[in-house]
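Hello,

Here is the structure I promised to pass on. Please open it alongside this note; what I found follows below.

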Amino acid sequence: MRIKGIDVSHWQGNIDWKKVAKDGIKFAFIKATEGTTLIDKKFKRNVLGANAAGIKTGAYHFARFGSKSEALAEARFFLSLVKKVSLSYPLVLDLEVNQRNVDKSVLTNAAVAFLREIESAGYFAIVYSSKSFFENCLDESKLKPFALWIARYSSKLGRDADIWQYSDSGKVAGISGNVDMNICYRAELDSKAVSTEKAGIKPVSNKKPEKADTTYTVKKGDTLSGIAVIYKTTVKALQSLNNIKDVNKIFVGQKLKISGSVSKAKNKKQYYTIKTGDTLSGISKRFNTSIKALQAWNGIRNVNKIYVGQKIRVR
């Protein structure tokens, strides 16, 4: 799947979005903010125009941060603006400068904090960077849980990514001058709302947890560790309540006494589709669960054998 799109800011001037749509453009990432003070003067106009023309719209923020606290401040500034418009594509962290000249790990941790803040607000987050900056100035391993948009102006991208910005000098009807050109390889982004719930990620809930059932009936594939995760308790507590000596010996149909509480979100099964670069450890951290629970729910014997497109249970 190769979906054609662009990204724009006030530098493109007044855009005729109807002509853009007729030229085959399916999505547009639109600059919203920069740092903690700059709002792109064409942001709202561009979003409204693209939406009216039937083009998928996402927004991006140009980062200036050099610490977690600065990253969170920028994320909140970004969110304060994008919440005022209707978007149908994800939110993007545009990270292509190390303005504070901080260590690679510091900058990466700040980026993760920014992206998590976007997710916690209920949006699907993407990180954008040039190929060189991403591979040399950031710790790629820490960014694997997130979708990736890479800029490289060449005949080949030369690495895995979800979106490739392949030119900064494209020509599109309805836009005077040059415009950045992109190809999206992820079909689900084409119709997915930015809500992380639809992306397989539950936004943080402010609802108080409800009381759990006093018992739980063991199902095929269950483990004590997995049950403990679901009900926010511990394996030791389950062992003590149910006189279980061997944690590996529970059986289908067995009724277990449960302590702790469980929210509605925990009671519902939740699934996630594996993407390029995903690992079980990364998925477990993202969904606040354990590798053992993921293995038990999905019958995964080898933690290193998961594949792109595989749908797994994460709650």
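At what angle do helix α3 and helix α4 pack, and how far apart are their axes? Before the answer, one caution: this is a predicted model.

**The α3/α4 pair**

Helix α3 covers residues 68–82, and helix α4 covers residues 104–120. They pack at an angle of about 30 degrees. Their axes are 8 Å apart. Angles under 35 degrees count as roughly parallel, so α3 is roughly parallel to α4. The crossing of the two helices is right-handed.

Which residues make the contact? From α3 come K68, A71, L72, E74, A75, R76, F78 and L79. From α4 come N109, A110, A113, F114, E117 and I118. Sorted by class, the contact of α3 with α4 has 9 nonpolar residues, 4 charged and 1 polar.

**E119, also in α4**

E119 is another residue to look at in helix α4. Is E119 buried or exposed? Its relative accessibility is 7%, so E119 counts as buried. The side chain of E119 has a polar contact of 2.9 Å with the side chain of R116. L91 is 28 residues away from E119 along the chain, and the C-alpha atoms of the two are separated by 9.2 Å.

**D278, in a loop**

D278 sits in the loop between β14 (271–273) and α9 (280–286). The cut-off for buried is under 20% relative accessible area. D278 has 12%, so D278 is buried despite its place in a loop.

What does the side chain of D278 reach? One partner is the backbone nitrogen of K275, at 2.7 Å. The side chain of D278 also makes a polar contact with the side chain of Y272, at 2.8 Å. Leaving out residues up to four places away in sequence, D278 touches K144, P145, Y272, T273, I283 and I306.

**Helix α10 and what comes after**

Helix α10 spans residues 291–298. Which of its residues are buried? A293, L294, Q295, A296 and W297 are. Just after α10 comes G299, with a positive phi of about 60 degrees.

**Where to look**

For a quick pass, I suggest this order:

- The α3/α4 contact, with its right-handed crossing.
- E119 and its side-chain contact with R116.
- D278, with the side chain of Y272 and the backbone nitrogen of K275.
- G299, just after α10.

Best wishes

Methods
Residues numbered from 1 in each chain as written. Predicted model: local features only at pLDDT ≥ 70, side-chain atom pairs only at ≥ 80, totals over all residues. Heavy atoms only, no water. Axes fitted to C-alpha atoms, helices over the stretch in contact; angles between N-to-C directions. Helix = DSSP H or I, 4+ residues; strand = E, 2+ residues; numbered from the N terminus. Parallel < 35°, antiparallel > 145°, perpendicular 65-115°, else oblique. Left-handed = near helix turned anticlockwise from the far one by under 90°. Contact = heavy atoms within 4.5 Å. Nonpolar A, V, L, I, M, F, W, Y, C, P; charged D, E, K, R; others polar. Buried < 20%, exposed > 50% of the residue type's maximum accessible area, 1.4 Å probe, protein only. Polar contact = N/O pair within 3.5 Å; in protein donor to acceptor, adjacent residues only side chain to side chain.
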